Amino acid sequence: MSSDTKLEVVTAVPERAMVIFAHPDDAEIGSGGVIAKWVASGCEVTYVLCTNGGAGTADRSLTPAELTERRAAEQRAAADFMGVRHVVMLGYPDGGLEDTREFLGDVVRVIRRHRPDTVFVHDPYRMRSFQHRDHRKAGITTTDAVYPFARDHLHFPEHVDQEGLEPHKVRELWYWGADEADVIVDVTGSIDRQIAALVRHESQMPGFNVPAGDTIGDRVKRQAAEHAAGHGFTYGAVFRRLVARR
Ligand SMILES: [Zn+2]
C-alpha cells in the first residue's frame with residue numbers, strides 16, 4: 001500500500017462483528033487490531049475457525065492430531081485474551097477446505113445464529129501475491145454466505161423451519177489482505193493487544209511464518225506503520241469493504 005493513497009478512515013463500531021478465517025492465527029493477523037479496539041468499545045465478536053490447522057507445522061515429530069489439539073487450545077487462549085465472546089470451530093481439514101454446499105450451509109448457519117453487522121474474512125480475489133488455497137475458499141464461501149444465502153429465507157430453509165433461526169442481513173463485509181484497500185482503522189491503541197494475542201499461537205512462533213531476524217511484533221508494526229503513513233496516526237489496519245444496499 002503506497003502512503004500517498006488516502007483511504008477512508010472508519011471510526012464507527014458495530015454492535016456485532018464476526019471473523020471467519022481458515023487457520024488458527026489468521027484472525028489475529030488479519031483483523032486483530034480492529035477486533036481488540038471494537039471489543040473495548042462493547043462490540044460482541046464471534047470467531048469462526050474453518051479448519052483444524054492440522055498441517056501448520058515444520059516440526060516432523062508432531063502428529064496432525066497433536067497439532068490440531070494444540071492449535072485449538074491456542075486459538076481459544078487468543079480469543080479469550082481478545083475478549084471474543086463466541087468461538088465456533090467448523091473442523092474442516094487443513095488444506096482441505098472446499099467450496100461445498102455443506103461448508104456454505106455451515107457459514108450461513110453461524111451468520112444466522114450470531115447475526116453480525118460486519119463480517120471479516122480473507123480477500124479471495126487477491127492477485128498480486130500467493131495465498132493459501134484455504135484462504136481463497138473461506139473468502140469465496142463467506143462472500144456467498146453473506147449475500148444472498150444468509151439473507152434469504154428460501155436458501156437453507158431447514159435453518160428456519162427446523163432449527164429456529166431467522167434470515168440475517170449482514171451490513172458490511174471487510175476483506176483483509178486485499179490488493180487495493182479502501183478503508184483504514186486507527187489501531188494505534190490496540191496493536192499491542194493484537195500482538196499479545198498473536199503470540200498465544202505458540203506452535204506458530206517464532207519462526208514458522210516470520211522472516212528470520214524479525215519478530216512477529218516487528219513485522220505487524222512495520223506493516224501497520226506503512227498503512228498509517230499520511231493519515232495522522234501511528235498504526236493502521238486496512239481492508240477492502242463491501243457495503244450492502246439499504
Ligand atoms: Zn491461514
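Visitor: Which protein atoms are the donors of the zinc ion, and at what distance do they lie?
Guide: In this predicted model, the zinc ion has its protein donors on His23 (ND1), Asp26 (OD), Asp26 (OD) and His135 (NE2). Asp26 is thus listed with two OD entries. The distance from the zinc ion is 2.0 to 2.4 Å.

Visitor: What spacing do the donors of the zinc ion follow along the chain?
Guide: The donor residues are His23, Asp26 and His135. Written as a pattern along the chain, their spacing is H-x2-D-x108-H.

Visitor: Why is the arrangement of the four donor atoms around the zinc ion irregular?
Guide: A tetrahedral label would need all angles between 85 and 135 degrees. The angles subtended by the four donor atoms run from 56 to 137 degrees. The arrangement is therefore classed as irregular.

Visitor: Are His23 and Asp26 buried or exposed?
Guide: The residues in question both supply donors to the zinc ion. Asp26 has its place in helix α1. His23 and Asp26 are both buried.

Visitor: Which side chain of opposite charge is nearest to Asp26?
Guide: Asp26 has no salt bridge, although the residue is buried. A salt bridge would need a nitrogen within 4 Å of a carboxyl oxygen, and the nearest side chain of opposite charge is 6.5 Å away. That side chain belongs to Arg71.

Visitor: Which residues does Asp26 touch, not counting residues up to four places away in sequence?
Guide: One of the contacts, His135, is also a donor of the zinc ion. Leaving out residues up to four places away in sequence, Asp26 touches Phe21, His122, His135 and Trp176.

Visitor: What is the relative accessible area of Ser31?
Guide: Ser31 is found in helix α1. Beyond four places in sequence, Ser31 touches Val19, Phe120, Trp176 and Phe239. Ser31 counts as buried because its relative accessible area is 1%.

Visitor: How many Å apart in space are Ser31 and His122, C-alpha to C-alpha?
Guide: In sequence, Ser31 and His122 are 91 residues apart. In space, C-alpha to C-alpha, the separation is 9.7 Å.

Visitor: Which parts does the salt bridge of Arg241 with Glu8 tie together?
Guide: The closest N and O atoms of Arg241 and Glu8 are 2.9 Å apart. The two residues are 233 residues apart in sequence, so the pair ties together separate parts of the chain. These are strand β8 (residues 236–243), which holds Arg241, and strand β1 (residues 8–9), which holds Glu8.

Visitor: Does Arg241 count as buried or partly exposed?
Guide: Its partner Glu8 is partly exposed, at 45% relative accessibility. For Arg241 the value is 18%. Since buried means under 20%, Arg241 counts as buried.

Visitor: In which helix do Arg70 and Glu74 lie?
Guide: Arg70 and Glu74 form a salt bridge with closest N and O atoms 4.0 Å apart. Arg70 is partly exposed at 38%, whereas Glu74 is buried at 7%. The two are four residues apart, about one turn of the helix, and that helix is α2 (residues 64–82).

Visitor: What is the N to O distance in the salt bridge of Arg151 and Asp152?
Guide: Arg151 is partly exposed, at 33% relative accessibility. Asp152 is also partly exposed, with a relative accessible area of 23%. Their side chains meet in a salt bridge with an N to O distance of 2.8 Å.

Visitor: Which residues are joined into one network by salt bridges that share partners?
Guide: The model has 12 salt bridges in total. Salt bridges that share partners make one network of Glu8, Glu172 and Arg241.

Visitor: Which elements do the buried residues of α4 pack against?
Guide: Helix α4 (residues 133–149) has 17 residues and reaches 22 Å, close to the expected 24 Å. Its buried residues include Asp134, His135, Ala138 and Phe149. They pack against β2 (16–21), α1 (26–40), β3 (44–51), α3 (101–114), β5 (118–122) and β6 (172–176).

Visitor: How many of the 14 residues of α3 are buried?
Guide: The end C-alpha atoms of α3 are 20 Å apart, in agreement with the span for 14 residues at 1.5 Å a residue. Its buried residues, among them Phe103, Leu104 and His114, pack against β2, β3, β4 (86–92), α4 and α5 (157–161). The helix is mostly covered, and the buried count is 10.

Conventions
Residues numbered from 1 in each chain as written. Predicted model: local features only at pLDDT ≥ 70, side-chain atom pairs only at ≥ 80, totals over all residues. Heavy atoms only, no water. Donors = N, O, S within 2.8 Å, 3.2 Å for Na, K, Ca; no water. Tetrahedral: all angles 85-135°; square planar, octahedral: opposite > 155°, others 65-115°. Buried < 20%, exposed > 50% of the residue type's maximum accessible area, 1.4 Å probe, protein only. Expected span 1.5 Å × (residues − 1). Contact = heavy atoms within 4.5 Å. Lys, Arg positive; Asp, Glu negative; His and termini not counted.
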